[in-house]
Amino acid sequence: MISPKSEGSKMPTITYVEHNGTEHQIEAEVGATLMQTALDNGVPGIDGDCGGECSCATCHVMVKEDWTSTVGGPNESEEEMLDLNPERLSYSRLSCQIEITDDLDGLVVELPEFQF
């Protein structure tokens, strides 16, 4: 269950970086996913064709390496989808599988060129 944030508390800020370097800093709601946050805020390069069901990989992001331990690694089904991705890196994730928490305040993710 997601607990409501107290009034006036700061929402986590996530930075999405397009392949050309354009940055989108978004205040994200705790409990939402990185994918839904991107879609709700018009961040280009995140399609989420499957609606967040971990079955299309159109929400691929690369988590900045210094954030990988905080974000965690992919589960088995996410690994399978990422294996089909031509731009997969060791720190690739599907943004539909990353839930926003207060610990992710300041997170930076890069978006692959092929999703544009």
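A residue is taken as buried when its relative accessible area is under 20%. In the predicted model examined here, Asn85 has a relative accessibility of 8% and therefore counts as buried. This residue lies in the loop that connects helix H3, spanning residues 76-83, with strand S4, spanning residues 92-94. The side chain of Asn85 forms a polar contact of 3.3 Å with the side chain of His60, and, when residues up to four places away in sequence are disregarded, the residues touched by Asn85 are Ala57, His60 and Phe114.

The strands of the surrounding fold were examined next. Five strands, in the order S2-S1-S5-S3-S4, make up an open sheet in which the pairing is mixed. Strand S2, which covers residues 23-27, and strand S4 form the edges of this sheet, each of them pairing on one side only. From one strand to the next, the twist of the sheet averages 35°.

At the S4 edge, strand S3, which comprises residues 60-63, runs antiparallel to S4 and is joined to S4 by 3 bridges; within this pairing, Ser92 of S4 is the bridge partner of Met62. Helix H3 packs on the sheet, where the helix touches both S3 and S4, and the direction of H3 makes an angle of about 115° with that of S4. The loop holding Asn85 thus runs between a helix and a strand that are themselves in contact, while His60, the polar partner of the Asn85 side chain, falls within the residue range 60-63 of strand S3.

Methods. Residues numbered from 1 in each chain as written. Predicted model: local features only at pLDDT ≥ 70, side-chain atom pairs only at ≥ 80, totals over all residues. Heavy atoms only, no water. Helix = DSSP H or I, 4+ residues; strand = E, 2+ residues; numbered from the N terminus. Buried < 20%, exposed > 50% of the residue type's maximum accessible area, 1.4 Å probe, protein only. Polar contact = N/O pair within 3.5 Å; in protein donor to acceptor, adjacent residues only side chain to side chain. Contact = heavy atoms within 4.5 Å. Pairing = 2+ DSSP bridges. Axes fitted to C-alpha atoms, helices over the stretch in contact; angles between N-to-C directions.
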